[in-house]
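Work through the exercises below with the sequence and the model at hand. Each task is followed by a solution in steps.

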Amino acid sequence: MSDISMTVNGQAVSGQAEGRTLLSGFLRDTLGMTGTHVGCDTSQCGACVVHVNGEAVKSCTMLAAEADGAEITTIEGMANADGSLSTIQQAFQDHHGLQCGFCTPGMVMSASALLKENPKPSEAEIRAYLEGNICRCTGYHNIVKAILAASGQEVPAVAAE
Amino acid sequence: MPKDTGIGASNKRREDVRFLTGQGNYTDDINLNGQAFVHFLRADVAHATINGIDTSAAAAMPGVVRIFTGADFEAVGGLPCGWQVTDRHGEPMQEPAHPIIAQGKIRHVGEIVAAVVADSLDEARDAAEAIELDLTDLPAVVDMKSAVAEGATKVHDDLSSNLCYDWGFVEENKDAVEEAIQNAAHVTTLELVNNRLVANPMEPRVAVGDYTRHNDESTLYTTSQNPHVIRLLMGAFVLGIPEHKLRVVAPDVGGGFGTKIFHYAEEAFVTFAAKQIGRAVKWTSSRSEAFISDAHGRDHVTKIELALDADHNFTAVRTETYANMGAYLSTFAPSVPTWLHGTLMAGNYKTPIVYVNVKAVFTNTVPVDAYRGAGRPEATFQLERVIDKAARELGVDPVELRRKNFITEFPYATPVAVEYDTGDYHATMDKALELSDRAGFEARRAESEARGKLRGFGINCFIEACGIAPSNLVGQLGARAGLYESATVRVNATGGLVVMTGSHSHGQGHETTFPQVIAEMIGIDESMVEIVHGDTSKTPMGMGTYGSRSIAVGGSAMVRAAEKIINKTKKIAAHLMEASEGDIELKDGNFSVAGTDKSVAWGDVCLAAYVPHNYPLEDIEPGLEETAFYDPSNFTYPAGAYTCEVEVDPDTGEVSIERFCSADDFGNVINPMIVEGQVHGGIAQGIGQALLENCAYDENGQLLSASYMDYTMPRADNLPGMGDYVVDHSCQTPCTHNPLGVKGCGEAGAIGSPPTVINAILDALHSGGHKVDHIDMPATPARVWAAMQG
């Protein structure tokens, strides 16, 4: 066991982890931040995406020890300071971009990373970017709409292209 | 004009806020004080005799609390099967014991052989690796037809063969169907496979068992679509715990699609072990475990014959299906290829006579049970594929062949025991053709061909049967359960309501849609209504959510309970206004007396029920809480027409979906936004089945597609783009026998889309001169390319 310290959603946190402990497990089990989900064991599903030093990372592909000293943002840190939904979160609700909610944390974290890299993505760019995020409920249609809307693009206009 | 409140409004979902902020409460988010963790040692061979299990080294490993093997479960009941099918000869199906932990024999890869309970999950996993198994491998039975051949190795030594049942429906029509086929002007025959799938809800299964000694109560937190069913099955048949000492909680559940209906060994294990060791026990499935322990879906091998007269009227349908049960009977497995499949073989057509034969077979594979659509996709796929083939053989338009045979008068009694109450199949066909611009298809085909691609147009119709009922009928068919739903409506003193429903939401949005119905009935704001579900200690006995039944059955129960509330509040209002009860009207949250200006507000009447100072105590009790159990008189029958356009790359066999359109008739719709979301999801799963997904076993019973690296889940870029994709539900023939006129929408997309896609691919291939009759799903580039090579 070693001591791990990091900043999660702006708060300094620390805990003990074995060398094999994954960042996803550290967040969920050690820190009790269960908003980050684990949906597979082969790093395909993307439910566990968080931001590590500003980059989208599948937290099941990283050891907790590797994140020592890092700045982490999770789904719990995505709302506005007053607790209201952020633009991306609100767009997911407005466009029914979630059903069971299990993949949603990873979807929101990936969408936010995409829009940081590419503020006005095309529909095709969004679909390609979501390669690493699996949703079984929505058929992705409304997730794509939500991301388009969050980027400030008119959803019906884009859809008609 | 779209409504902005009540029935028909596309309200945003209230549950979204917690899911979008990481505040959901899924079963794996539940951690109990002092909990231990279990890791299951699962069989890595498909068929073997267990000679011995040496746990001594493992038991001495750090953190190990206790190791359980089959011996610990000899006195514990096995997993019960909830449906007994009677075969063609009047005999009950063969029903093998289904142990929690393997008893002397392993029958599929993934079967639990031992369970290690330890202080941490890592310690449990480490210790499991130190367990030594002494096994004698046996030949695995994988292929269904080989499994029922003379001399085949038996999956269960105590059964007479690997045949679970040989079912005929309608058996009395067998000879007449044979005669109709002999006398037909044309018979089209097709052999096909409905590929085995894994449901793959994104949340893997989780179970946490707890036991409190002071009151002898057990609690199970589990990822279930129907917690009361689990409480009944596990309490009464497995562990012998009376229901008043057993609480089952299914909190936020991350998708189900059928595979979380069933009672699983892991649920019984954690409940049993928690009492044994005096600590809570938690199990979280890995995705790899899910592939070899969640019940699979589909897996039918079928031969279908369609007989037509000289005018192209359908005169008979005969189908012979082999249905894989896997190694054991999962909870509702026997019902899927029989009553959920045979009863749909009339489809949307007035075929006068039908015979369905199903041979259910045991194999050394994971048990197979209901997956989104359950039997209905299998029925639709074969029927709609054979109709398309018949149209091609006869040189007629597949749309016109379908139209000619549509049922047009309702109610309509099919020759397969069900009566369709309403429908308008020409209307959904018209809508699908209009939305898909079939008229413009040839131009689009020419454009594709100019780019060297083949383009095809596929059409498909389907009918579904939802809200399986009534209970007394399904009891005669072999169900060992009732199929009603329940609701309690509790009105608080200040007028707010809580609805405790036996339905369960695992993505369907009940917390949003159910209040829309109540708000409409009373005329109050939806924010005054709260929905409680998923906890046997809080809700009345309920059957849960599956088979697109929530709004049709659970919603109806809620309406019935709310009607009782409204009747009582009218009595109170009449008393308060000194009027006759018959003159009281409830509108916009106010009671008024017809023909007067007297009125009293909803909240004041509710308060009077709890502070009954001025109250008709001699006539009615104080308080406002009512329960209803609703047992439908019939199924509901959603139906629709789907179209698909594909492009096929003749060099690679790669298929892309260029356009897709669904025109569904769901009857009345409560929340259009949610309905469309359900259809999107169903279509994505159907396209997944048609193009991508397949559960592949090798001849030794090893599951080759047991991870997301091997099993192709649909991704965002596998599905049609926005401008090319329309889901429509504007054709509405309301159900005639439930109070909301609703039919259910959850499974439609998964039922209607697979044959649409395959029909489109074959149309594309024929346009390129490839005389291909059929391609089995998934239509991978390799399969499509091989088919084109002849």
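Two residues are in contact if their C-beta atoms, placed from the backbone, lie within 7 Å. The model is predicted.

**Exercise 1.** Determine what share of the contacts in chain B with a separation of 6 or more comes from residues 24 or more positions apart, and assess how compact the chain is.

Solution. Residues at least 24 positions apart supply 80% of those contacts. Chain B holds 19 helices and 30 strands. Its radius of gyration is 27 Å, and the globule rule gives 28 Å for 790 residues, so chain B is as compact as a globular protein of that length. Of the 790 residues, 59% are buried.

**Exercise 2.** Describe the side of chain B that touches chain A.

Solution. Start with the count: 46 residues of chain B contact 48 residues of chain A. Next, find the elements of chain B that give two or more residues: helix 1 (16–20), helix 8 (287–293) and helix 17 (672–692). Helix 17 of chain B has the largest share, seven residues. Finally, sort this side by class: 19 nonpolar, 17 polar and 10 charged residues.

**Exercise 3.** Arg298(B) has a positive phi although it is not a glycine, and so does Glu578(B). Decide whether each is buried or exposed.

Solution. Arg298(B), with phi about 65°, sits in the loop between strand 14 (296–297) and strand 15 (300–308) of chain B. Arg298(B) has 29 C-beta neighbours inside 10 Å and therefore counts as buried. Glu578(B), with phi about 50°, lies in the loop between helix 15 (550–576) and strand 24 (584–587) of chain B. Glu578(B) has 8 C-beta neighbours inside 10 Å and therefore counts as exposed.

How values were computed. Residues are numbered from 1 along each chain as its sequence is written. Chains are lettered from A and ligands numbered from 1 in the order in which they are written. This is a predicted model: local features need pLDDT of at least 70, side-chain atom pairs count only at pLDDT 80 or more; totals for chains, interfaces and linings use all residues. Helices (H or I, at least four residues) and strands (E, at least two) are DSSP runs, numbered from the N terminus. Ala, Val, Leu, Ile, Met, Phe, Trp, Tyr, Cys and Pro count as nonpolar, Asp, Glu, Lys and Arg as charged, and the others, Gly among them, as polar. The radius of gyration is taken over C-alpha atoms; the globule rule is 2.2 Å times the number of residues to the power 0.38. A residue is buried if 20 or more other C-beta atoms lie within 10 Å of its own, exposed if 12 or fewer, and partly exposed in between; C-beta atoms are placed from the backbone.
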